[in-house]
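Reader: I should like to learn how the features of a protein model are read. May we go through them in order?

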Amino acid sequence: MIVVAGEALIDLVPQGTGPLVSLRPRLGGGPYNTAVALGRLGSPTAFCSRTSSDAFGEALLDGLREAGVDVASVQRGPEPTTLAVATIGTDGSAAYSFYVEGTADRLFAAPDDLPADTRAVSFGTCSLVLEPGASAYERLMRAAAGRGVFTALDPNIRAGLIADPDAYRARFRSWLPSVSLLKLSAEDAEWLGGTPDEWLASGPAAVVMTRGGDGLTVHTRDGSTYSVPGEKVEVVDTIGAGDTVNAALLHGLAARDALAPQALAELDADGWTELLRFAARAAAITCSRAGAEPPYAAELGDVLNV
């Protein structure tokens, strides 16, 4: 079981250009998209979060169930669902403004235990920013790492939500000893400061950096670096592309029985290259359609050879 811990929200995606175009609600949130993508790829997955009992919250749970994701660990509350209003650039890139005050996911409480068969836990995005939930997710991360569970982190920076950037950067560095795999975009890396070598020295066994259409690069603790190009595709938007990369990496590592820091460190050039290509292909499919719509395993064909 791969557990994904973090927020579920509704993306309001513009249907055209201009400030007053219609907005279409789409299921979203970085961790939510990761969980759905894992489920669609066929990995046993559970979602650990807190969602509203409103209609949006029900729709979010239905989306998880349809993807085969276990929702037994999802807490519920009467508060409204978080909303993220997307703005789509001419290149398909997405920027967001958020409506987060008093919403259900912020009141997440860390569970006493994870599912008994948990092999990995994935964290990231708004859930690690907005209190009091951020501290609860942080406690869960540290507890999982302390028990030897593989942990993955995608900070997925939303700068408009971070009131004190320097404090957040220090907090990010404090998480690294509890992180097995760090994945982030080149834009995230620039905002956070530091280098892959510095982050690796603090704890992760590998750092995967996404470079948009230019592909992905992994940096490993032994000093190796492997890169693959992005797959060419007609981009509709990039919503959920990074989350799909998270899922593809975790799915591929699980298929190789490599969800452990030592196993991650032992992946060779061929293994990493194949895994990164799989992630690039999955992300390209997501970019080819509107909103966060990650691919199913059948759409990827025999790309991941294990």
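Author: We may begin with contacts along the chain. This is a predicted model, and among its contacts with a separation of 6 or more, 69% join residues 24 or more positions apart.

Reader: What is the make-up of the protein in helices and strands?

Author: The protein contains 10 helices and 13 strands. Its C-alpha atoms occupy a box of roughly 50 × 45 × 40 Å along the principal axes.

Reader: How does the radius of gyration relate to that of a compact globule?

Author: One sets the value beside the one expected for the chain length. For 306 residues a compact globule would have a radius of gyration near 19 Å, and the value here is 18 Å, so the two agree. Of the 306 residues, 56% are buried.

Reader: How should I read the packing of two helices, for example H7 and H9?

Author: One considers the angle, the distance between the axes, and then the residues that touch. Helix H7 (residues 241-255) packs against helix H9 (residues 269-287) at an angle of about 145°, and their axes are 8 Å apart. The crossing of H7 and H9 is right-handed. On the H7 side the contact includes Ala 241, Val 245, Leu 249 and His 251; on the H9 side it includes Leu 275, Phe 278, Ala 282 and Cys 287.

Reader: How many residues of this contact between H7 and H9 are nonpolar, polar or charged?

Author: There are 12 nonpolar and 4 polar residues, and no charged ones.

Reader: How many disulfides does the whole structure have?

Author: The general idea is that a disulfide is a covalent bond between the sulfur atoms of two cysteines. In this structure, a search finds 0 disulfides.

Reader: Why is the sulfur of Cys 48 not bonded to the closest cysteine sulfur?

Author: The closest cysteine sulfur to that of Cys 48 belongs to Cys 126 and lies 16 Å away, which is too far for a bond. A disulfide requires the sulfur atoms to be within 2.5 Å. For Cys 126, the closest cysteine sulfur is in turn that of Cys 48. Cys 48 is buried, with a relative accessible area of 2%, and Cys 126 is likewise buried, at 5%.

Reader: Is Gln 262 buried or exposed?

Author: Gln 262 counts as exposed because its relative accessibility is 53%, and the cut-off for exposed is over 50%. This residue is located in helix H8 (residues 261-265). The C-alpha atom of Gln 262 is 7.7 Å from that of Ala 205, although the two residues are 57 residues apart along the chain.

Technical notes: Residues numbered from 1 in each chain as written. Predicted model: local features only at pLDDT ≥ 70, side-chain atom pairs only at ≥ 80, totals over all residues. Heavy atoms only, no water. Helix = DSSP H or I, 4+ residues; strand = E, 2+ residues; numbered from the N terminus. Buried < 20%, exposed > 50% of the residue type's maximum accessible area, 1.4 Å probe, protein only. Axes fitted to C-alpha atoms, helices over the stretch in contact; angles between N-to-C directions. Left-handed = near helix turned anticlockwise from the far one by under 90°. Contact = heavy atoms within 4.5 Å. Nonpolar A, V, L, I, M, F, W, Y, C, P; charged D, E, K, R; others polar. Rg over C-alpha atoms; globule rule 2.2 N^0.38 Å.
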